[in-house]
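Trainee: Please take one part of this model and go through it closely, beginning with the ring side chains and moving on to the strands. I would like the whole account in a single answer.

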Amino acid sequence: MRKLFGILLSLVLLSSLVAAQPYVTVFEGRITTGQTLAVGNYTITVVQAADGSHYLMLRNGSRILELKPFAFGTEIERDGLKILLGSYTPQGGFVVVSVKPDFITSLKPEVGAKASFNGNVVEVTAVGNKTVDVSVNGVARTLEVNGSAVVDLIALEYDGKEIKVYAASPVSETLSLNYVVFYPYGKIRVSGPVDIPITITSSSNSEMSLNLTVISMPKGWKASFLYGGVEVEEITLPPMGSVTVTLHVEATGSGTVKFSVGSLPGSIEIEARGVEVSIPYLALDVEAGQVLTIPVTFTGSGTVDFEPKDIPAGWNMYLTTGEYRLRSFTVSGTLAASLVIEVPRNATLGNHRLSFTVNGREYGLVINIYKTYLGEPAKLTVILTDESGNPVKGWVSVGGRNVTTSPTGAAALELPSGKYKLVAGAPGAVPKEETIELGDGEEKNIQITLSRAPYYFEAELQNDALTVQAGGSASTEVRITNLGSNEDEYRITLEGLEPGWSYVISQDPSGATPVGTIKVGPGESTSAYLVVIAPFNVVSGGINARVIIEGKRTKVEKTLTVRVENPASLTLNADYPSLTVKAGGSTATNIWVDAAGTVTNVKFSVQAPAGWDVEVVPDTIPRLGVMERGNVQVYPGPTTVELRIKVPKSAPAGTYTITVTAAGDQAKAETVITVRVTQSSSSAYLGILLLVAVFGIVIWLMRRVGRR
């Protein structure tokens with residue numbers, strides 16, 4: 001059965017080698033734990049793991065090339081060496097070892113062609129159209145074109161033109177040790193210290209001691225054998241037992257650690273992984289203007305140097321732990337960080353690759369912009385508050401635009417993207433300046449806290465118009481609010497009054513308690529009264545005056561309109577409103593002039609028939625009505641003027657009227673005088689004679705005209 005299985009395995013191997021350099025079987029049989037086959041520079045050993053399972057180990061010197069569990073049909077092929085595994089029984093594991101033989105020589109397909117080497121003889125015995133017969137050490141084989149044949153350790157290959165001869169060396173030696181060494185790794189990648197388990201199994205019936213030696217390792221590395229956490233240099237194996245020790249290696253780079261367990265050499269190739277970087281995303285779809293926070297995990301041990309690379313213009317990328325931005329740091333185990341990518345609002349549509357390096361190795365991801373705000377105006381909202389957080393109504397100046405805030409302290413503007421100088425202020429506050437940057441289509445809210453100015457106040461008049469009568473007074477409340485941060489002292493003055501007027505600043509509306517200045521604390525308000533006093537002879541009308549409230553560094557002006565009401569009136573009463581006078585004569589009458597209230601600068605004028613001589617004597621009265629003597633008002637009563645009339649001789653008889661007008665600063669009046677003019681007796685006779693003469697001339701003319 002064993003022979004049949006071996007033949008079967010050989011046929012399987014050879015069937016896969018058609019049209020290729022043939023393999024030659026150099027060993028076929030079972031090997032047991034502790035037994036080693038040497039094939040050239042390779043050794044084949046059966047080792048037993050701690051759980052009792054068996055493995056086939058292929059080494060090249062101290063380097064482990066393959067470690068395979070014994071499983072029927074498992075095939076190992078490395079560097080011209082092929083091993084086929086069979087089953088493992090208590091008698092050992094069955095293996096077939098084949099190698100690619102070395103080229104010896106070539107023979108022409110001619111009868112008698114011969115090659116002799118190392119005691120072997122290969123000779124061509126017959127040549128056909130498509131075949132040749134060859135004798136290998138007396139064993140005949142027929143080769144077809146592109147065919148091959150194997151006899152013991154010699155392989156032949158025929159391509160129709162020549163016969164190639166190959167030969168392999170037999171297994172050089174079979175070693176049998178009373179212990180085996182098993183470790184599952186030949187090459188490992190590490191980041192930081194690593195512990196490698198090595199199981200040593202004894203096949204001896206007695207105890208044995210073995211030296212544990214680290215033969216070589218790169219400079220700067222540390223390596224030692226540990227057992228139970230204690231560093232050891234020798235281990236004792238119990239009879240037919242096993243012990244697992246640990247090879248502890250602290251690597252600072254890549255290299256190979258060579259060691260020996262007893263007389264068996266071993267080696268492990270270590271590749272320093274350093275610090276590995278893990279990013280969960282390769283590509284992202286984002287909207288322009290977003291800030292991406294991408295988790296990045298650093299695993300391993302060592303120093304990390306982070307460097308952004310190929311960042312598009314306007315973009316920003318940095319690594320952070322949340323508290324600091326990282327450029328160079330150390331990792332021992334695992335470190336979680338965040339890769340922050342700030343995408344500008346004017347990013348163009350499409351894919352953008354962002355890269356960075358970690359210890360010189362490049363990493364990257366693709367950001368696909370599916371929505372952009374390129375060219376869209378930014379929307380800026382500025383909110384003004386005081387130091388207590390309350391909204392302040394003020395103004396905002398930015399980008400050449402001045403905007404008054406709403407009562408809630410907010411101002412909204414639309415501006416092109418760019419950098420701007422923003423100035424904000426409010427009544428009673430110190431203006432504040434900031435530099436802002438707006439992106440395309442960005443919606444930005446800015447809160448600006450304004451501090452109170454040292455000196456600033458607001459003043460309001462309760463009434464901005466007053467009505468006053470001649471000789472009377474009127475008042476308005478002046479309310480002052482100190483919006484500054486310091487106490488201030490205020491003075492109130494009134495400008496624009498006409499001569500004769502006066503005013504007083506008082507604590508009461510009547511003006512009984514005058515004050516000079518008013519002190520107001522920060523944030524407080526107080527009131528005073530402006531009392532305006534009109535003279536007795538004031539003319540009705542209006543005066544535009546200015547109320548000036550002045551503090552230490554600020555001044556406020558308010559317009560005050562003063563309306564004057566003077567109820568004065570004039571009356572004219574003649575002693576004789578009807579007069580009779582002969583033509584060429586004269587007459588006169590007294591006119592009584594009276595005033596209600598006070599009327600000043602009364603002037604008289606008359607309207608009379610043409611040619612008449614009419615005058616008022618006197619023609620001007622300086623003052624009529626109530627007069628002030630000290631604090632007493634006196635009414636002296638009416639006064640008289642004389643109206644003098646002189647009628648011309650030529651005035652025909654009849655009734656005539658004369659209008660007399662008195663006009664003062666405050667009032668006006670007029671009266672009408674009727675004058676009847678009569679003629680003398682001589683004048684009457686003369687008139688009759690004239691009439692008779694006229695009639696006579698008319699009659700004469702009629703007669704004369706009638707005759708013709």
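Mentor: Ten aromatic pairs are found in the structure, which is a predicted model. Among the aromatic residues, Y183, F225 and F259 are linked by ring pairs into a cluster. Two other tyrosines have a charged side chain over the ring. K82 lies over the face of Y23, 4.5 Å from the ring centre, and R325 lies over the face of Y318 at 3.6 Å from the ring centre.

The second of these contacts leads to the part I would look at closely, the strands around β31. Strand β31 covers residues 316-320 and is mostly covered, with four of its five residues buried. Strand β31 pairs with two strands. With β33, residues 328-342, β31 runs antiparallel and is joined by five bridges; one of the bridge partnerships sets N316 against E342 in β33. With β32, residues 325-326, the pairing is again in the antiparallel sense, over two bridges. Here T320 has R325 as its bridge partner, and R325 is also the residue that lies over the face of Y318. Four residues separate the strands in the hairpin of β31 and β32, and G322 in this hairpin takes a positive phi near 105°.

Positive phi also occurs at residues other than glycine. N137 has a positive phi of about 50° although it is not a glycine, and N137 sits in the loop between β12 (131-136) and β13 (139-144). With a relative accessible area of 40%, N137 is partly exposed. N601, likewise not a glycine, has a positive phi of about 55°. N601 is placed in strand β55, residues 598-607; its relative accessibility of 41% makes N601 partly exposed.

A sheet further along the chain can be set beside the β31 pairings. It is an open sheet of four strands in the order β52-β54-β60-β56, with antiparallel pairing. At its edges are β52 (569-574) and β56 (613-617), each of which pairs on one side only. On average, neighbouring strands in this sheet are turned by 25° against each other, direction ignored. Inside the order, β54 (residues 586-596) and β60 (residues 639-646) run antiparallel and are joined by eight bridges; A588 has R644 in β60 as its bridge partner. The peptide bond between V617 and P618 is cis, with omega about -10°. P618 belongs to the loop between β56 and β57 (620-625).

For the setting of these parts, the protein chain as a whole has two helices and 62 strands. The radius of gyration of the chain is 67 Å, well over the 27 Å that the globule rule gives for 708 residues, so the chain is more spread out than a compact globule. Along the principal axes, the C-alpha atoms fill a box of roughly 210 × 90 × 40 Å. Buried residues account for 40% of the 708 residues. Of the contacts between residues at least 6 apart in sequence, 61% join residues at least 24 apart.

Note on methods. Residues are numbered from 1 along each chain as its sequence is written. This is a predicted model: local features need pLDDT of at least 70, side-chain atom pairs count only at pLDDT 80 or more; totals for chains, interfaces and linings use all residues. Side-chain values use heavy atoms; hydrogens and water are left out. Two strands pair if DSSP finds at least two bridges between them. Axes are lines fitted to C-alpha atoms, for helices over the stretch in contact, and angles run from 0 to 180 degrees between N-to-C directions. Buried means under 20% relative accessible area, exposed over 50%, partly exposed in between (1.4 Å probe, protein chains only). Rings of Phe, Tyr and Trp (its six-membered ring) pair if their centres lie within 6.5 Å; planes under 30 degrees apart count as stacked, over 60 as edge-to-face and the rest as tilted. A charge sits over a ring if NZ of Lys or CZ of Arg is within 6 Å of the ring centre and within 35 degrees of the ring normal. The radius of gyration is taken over C-alpha atoms; the globule rule is 2.2 Å times the number of residues to the power 0.38. Contact means heavy atoms within 4.5 Å.
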